[in-house]
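Thanks, everyone. Please bring up the model on your screens, and I'll walk through some side-chain pairs.

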Amino acid sequence: MIAACVPLLAGVLAGEAQAGAWTQKRGEGVLLTGYSTHWLTAPGGTQLRKSEISFYAEYGLVDRVTLVGRFALQSLSETRAAPDEVADTAFSNALVAVGGTEAGVRLRLLETGPWALSAQLSRTFESGGENRNNQRFGTGGADVETRLLAGRAFGRDGFADIQLARRSLAERGGEEWRFDSAVGVPVSPRWRIITETFSVRASRRPGAPAY
């Protein structure tokens, strides 16, 4: 799959707030918005297109515990020219829907100097859009993810972090391993430009595609 993403502008609700491996201070939070477009042309003529505006938020319940959540407004189109592992018949479909919905909690394990280490537990929720990679729109949800996050602050509110996660897929079976990285650079006291990478590797269930 090929994806094109624009840099994210992070509207920070509190000047010292950090995303990634850091937990928020009690009563403070951060809101990230972004736009991305994705396209896939697979052997056999299958074509997938997705453009989305995503919203990601964090809120400090207490200093060591942060609530996290995400959803996206998605424009989706899918054309399958022949039966495959996902669909039994050829079809074409297009819609605008909410997708990629999940919520969780992050616990700070260690913070010393510019370094931070946290653990996170989250769950996905079924919605009308794309909820899981390489699955029919409107299906999926109830996946549980455990994540380890490590980060380092630099300069005035700049940061870099890496994250490793395992996502257990619900009724589909199997699992996904994810590796994410991010670098954030402040452009004003309330705004950052953030560059991110996302990688996913899924185990193969008999009769289902790996990706």
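R70 and E52 meet through their side chains in a salt bridge, 2.8 Å from N to O. Keep in mind that this is a predicted model. R70 sits in strand β5 and E52 in strand β4, so the bridge ties together parts 18 residues apart in sequence. The two ends differ in exposure class. R70 counts as partly exposed, because its relative accessibility is 24%. E52 counts as buried, at 7% relative accessibility.

How many salt bridges does a search of the whole structure find? Twelve. As a reminder, side chains of opposite charge can pair when their charged atoms come close.

Next one. E130 forms a salt bridge with K50, and the closest N and O atoms are 2.6 Å apart. Where are the partners? E130 lies in the loop between β7 (115-125) and β8 (144-154), while K50 is in strand β4, so this pair connects parts 80 residues apart in sequence. Is E130 buried or exposed? Buried, because its relative accessibility is 15% and the cut-off is under 20%. K50 is buried too, with a relative accessible area of 14%.

Now R178 and E176. They form a salt bridge, with 2.6 Å between the closest N and O atoms. R178 is buried, and E176 is buried as well.

There is also a network. Which residues does it link? E102, E145, R147, R167 and D180, joined by salt bridges.

On to the rings. The count of aromatic pairs comes to two. Take W22 and F159. Their ring centres are 5.9 Å apart and their planes stand at 75°, so the pair is edge-to-face; the cut-off for that class is over 60 degrees. W22 lies in the loop between β2 (8-12) and β3, and F159 lies in strand β9 (residues 158-168), so the pair ties together parts 137 residues apart in sequence. W22 counts as buried, at 6% relative accessibility. F159 is buried as well, with a relative accessible area of 2%.

The other pair is F55 with F71. This one is stacked: 5.2 Å centre to centre, with 20° between the planes. It links distant parts of the chain. F55 is in strand β4 (residues 47-62), F71 is in strand β5 (residues 65-80), and they are 16 residues apart. Are these two buried or exposed? Neither. F55 is partly exposed, with a relative accessible area of 27%. F71 is partly exposed too, at 35%.

So β4 and β5 come up in both parts of this talk. R70 and E52 join them by a salt bridge, and F55 and F71 join them by stacked rings.

Last stop, T41. Where is it? In strand β3, residues 29-41. T41 counts as exposed, because its relative accessibility is 52% and the cut-off is over 50%. What does T41 contact, leaving aside its neighbours within four places in sequence? T46, Q47 and R49. One more distance here. T41 and T79 are 38 residues apart along the chain, and their C-alpha atoms are separated by 9.6 Å.

To recap: twelve salt bridges in the whole structure, and two aromatic pairs. One aromatic pair is edge-to-face, W22 with F159. The other is stacked, F55 with F71. That's my tour. Over to the group.

Methods
Residues are numbered from 1 along each chain as its sequence is written. This is a predicted model: local features need pLDDT of at least 70, side-chain atom pairs count only at pLDDT 80 or more; totals for chains, interfaces and linings use all residues. Side-chain values use heavy atoms; hydrogens and water are left out. Helices (H or I, at least four residues) and strands (E, at least two) are DSSP runs, numbered from the N terminus. Buried means under 20% relative accessible area, exposed over 50%, partly exposed in between (1.4 Å probe, protein chains only). Contact means heavy atoms within 4.5 Å. Rings of Phe, Tyr and Trp (its six-membered ring) pair if their centres lie within 6.5 Å; planes under 30 degrees apart count as stacked, over 60 as edge-to-face and the rest as tilted. A salt bridge is a side-chain nitrogen of Lys or Arg within 4 Å of a carboxyl oxygen of Asp or Glu.
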